[in-house]
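Here is a short tour in questions and answers. Take a look at the model first, then read on.

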Amino acid sequence: MAIKILIVDDVTETRENIKRLLYFEKDMMIIGEAADGEAAVRQTDKLSPDVILMDINMPGMDGIAATEQISLKCPKSAIIIMSVQGEQEYLKKAMVAGAREYMVKPFSTDELVDTIRKVYDFEQKRRVQLSEPSIVRELQRDPQVVAIFSTKGGVGRTTIATNLAVSLAEETRQRVVIIDLDLQFGDVAVLLNVVPKRTITELIQDINQMDPELMESYLITHPTGVKVLPCPTRPEYAELITGAHVEKILGILKQSYDYIIIDTPPLFHETTLTALDLCHQILLIVSLDLPTIKNVKLGLEVLDSLHLKGKVKLVLNRSSSDIGIKVEDMEESLGLKVVSHIPSDGRTVISSVNKGNPFVTASPNTRITESIRELAHMIMQGEAKSQPEPRAEVKKGLFGKLFK
Ligand SMILES: Nc1ncnc2c1ncn2[C@@H]1O[C@H](COP(=O)(O)OP(=O)(O)OP(=O)(O)O)[C@@H](O)[C@H]1O
Ligand SMILES: [Mg+2]
């Protein structure tokens, strides 16, 4: 079946150009045109296009207002915003309004065709996810719980955690949830551009009644299908959350999610320790600078003393920066081999943050995306171990054991 496309632009010549560019694409069909926002909303209602190519600046109702209305009324039609250079500030608004992608004019046929196909394919996948009838269902394998950890701040935990979650959802089409356990200053919601209505703070008030169905009402759905459990809205609420809460939350999520990704703060807090103890894999993020290596080495010693070192996988972030420390020297110092190298790519990372769109979807053809995809495959191949039982030490309090 051909992809049904609606073109919205006030300039007739632009519409004609787009039609020419798409003329030879057998799997695409222009089903309508509109010259302003109102007409776009009407046409969408009538024609149910799969993809809408939407200009931003138009007389009357502009592209952003039209995007907002269409996303609410006809969420099945995916919108690609077309803008000219210099309209960057509008792009973010358009993405927030519900656009799936954007293109800067003038674009090539390849760019246009690739973007349409990508958005369409993604929408198809999303629909499959959304049509899952019941939240608790037969999982295809044992759930994998993965904690992204480091004993140094700012090394890229949240960047890696959010992109890994989205990549896992795309690669596996299975159910993925990300928990922000950086309880004071977490920014998973910011990086994923979702607005937390309820967070872990409200969730723990309901913890005694919690079951997989109720849990869903506390999770936010990212456009990729990834679910998000955000951190508290205020740092002082962090101390309301205990290790026992984390244990309960993980236990419930494991009943309905295939992959549970946990972002953490750079501290051995009780909640972090519980997560580290109950997860299957710990991705320990390191970068090639002395303070980080020193802290990570200390952190590893602590993990070792808690018998958690066995599930640590060392991930080197910004591996391409040339800063005079050799990877082999670091590996020797830490006594662990790097299993994943994430290159440094400030442009891709920052522009994805500013667009509120993870780079694994915003920039699919970059090396950094490729490295995250490889990491996702590594997680997917991780042994489907049975769920680790909380060890007696945790019950007694790992925190106490560590610091008494
Ligand atoms: N591979 C990379 N290439 C370029 N920039 C990166 C890369 N990874 C992370 N960054 C940037 O480094 C900064 C820190 O990243 P991030 O917030 O993910 O780290 P963090 O460990 O979660 O930090 P925090 O301690 O604040 O929680 C961000 O500005 C991010 O954009
Ligand atoms: Mg972080």
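**Ligand shell and sheet**

Q: Which residues come nearest to ligand 1?
A: This is a predicted model. The surroundings of ligand 1 hold 19 residues. Those that come nearest are Gly153, Gly156, Arg157, Thr158 and Thr159.

Q: Which element gives the most residues to the shell around ligand 1?
A: Two elements give two or more residues to this shell: α6 (157–172) and α14 (346–355). The top contribution is 4 residues. It comes from α14.

Q: How many residues in the shell around ligand 1 are charged?
A: Sort the shell by class. There are 7 nonpolar and 8 polar residues. The charged residues number 4.

Q: Why is one side of β2 and of β5 left without a neighbour in the sheet?
A: The open sheet has 5 strands in the order β2-β1-β3-β4-β5, with parallel pairing. β2 (28–34) and β5 (101–105) stand at its edges, so one side of each lacks a neighbour. The reason is that each has a single partner strand.

Q: What is the bridge partner of isoleucine 52 in β4?
A: Strand β3 (residues 51–55) pairs with strand β4 (residues 78–84) in the parallel sense. The pairing runs over 5 bridges. In β4, isoleucine 52 is partnered by isoleucine 79.

Q: What angle does the direction of helix α4 make with that of β4?
A: Helix α4 (residues 88–97) packs on the sheet. It touches β4 and β5. Its direction makes an angle with that of β4 of about 175 degrees.

Q: At what angle does helix α2 run to β2?
A: Helix α2 (residues 37–47) lies across β1 (3–8), β2 and β3. Its angle to β2 is about 135 degrees.

Conventions:
Residues are numbered from 1 along each chain as its sequence is written. Chains are lettered from A and ligands numbered from 1 in the order in which they are written. This is a predicted model: local features need pLDDT of at least 70, side-chain atom pairs count only at pLDDT 80 or more; totals for chains, interfaces and linings use all residues. A residue is near a molecule or strand if its C-beta atom, placed from the backbone, lies within 6 Å of it. Ala, Val, Leu, Ile, Met, Phe, Trp, Tyr, Cys and Pro count as nonpolar, Asp, Glu, Lys and Arg as charged, and the others, Gly among them, as polar. Two strands pair if DSSP finds at least two bridges between them. Two residues are in contact if their C-beta atoms, placed from the backbone, lie within 7 Å. Axes are lines fitted to C-alpha atoms, for helices over the stretch in contact, and angles run from 0 to 180 degrees between N-to-C directions.
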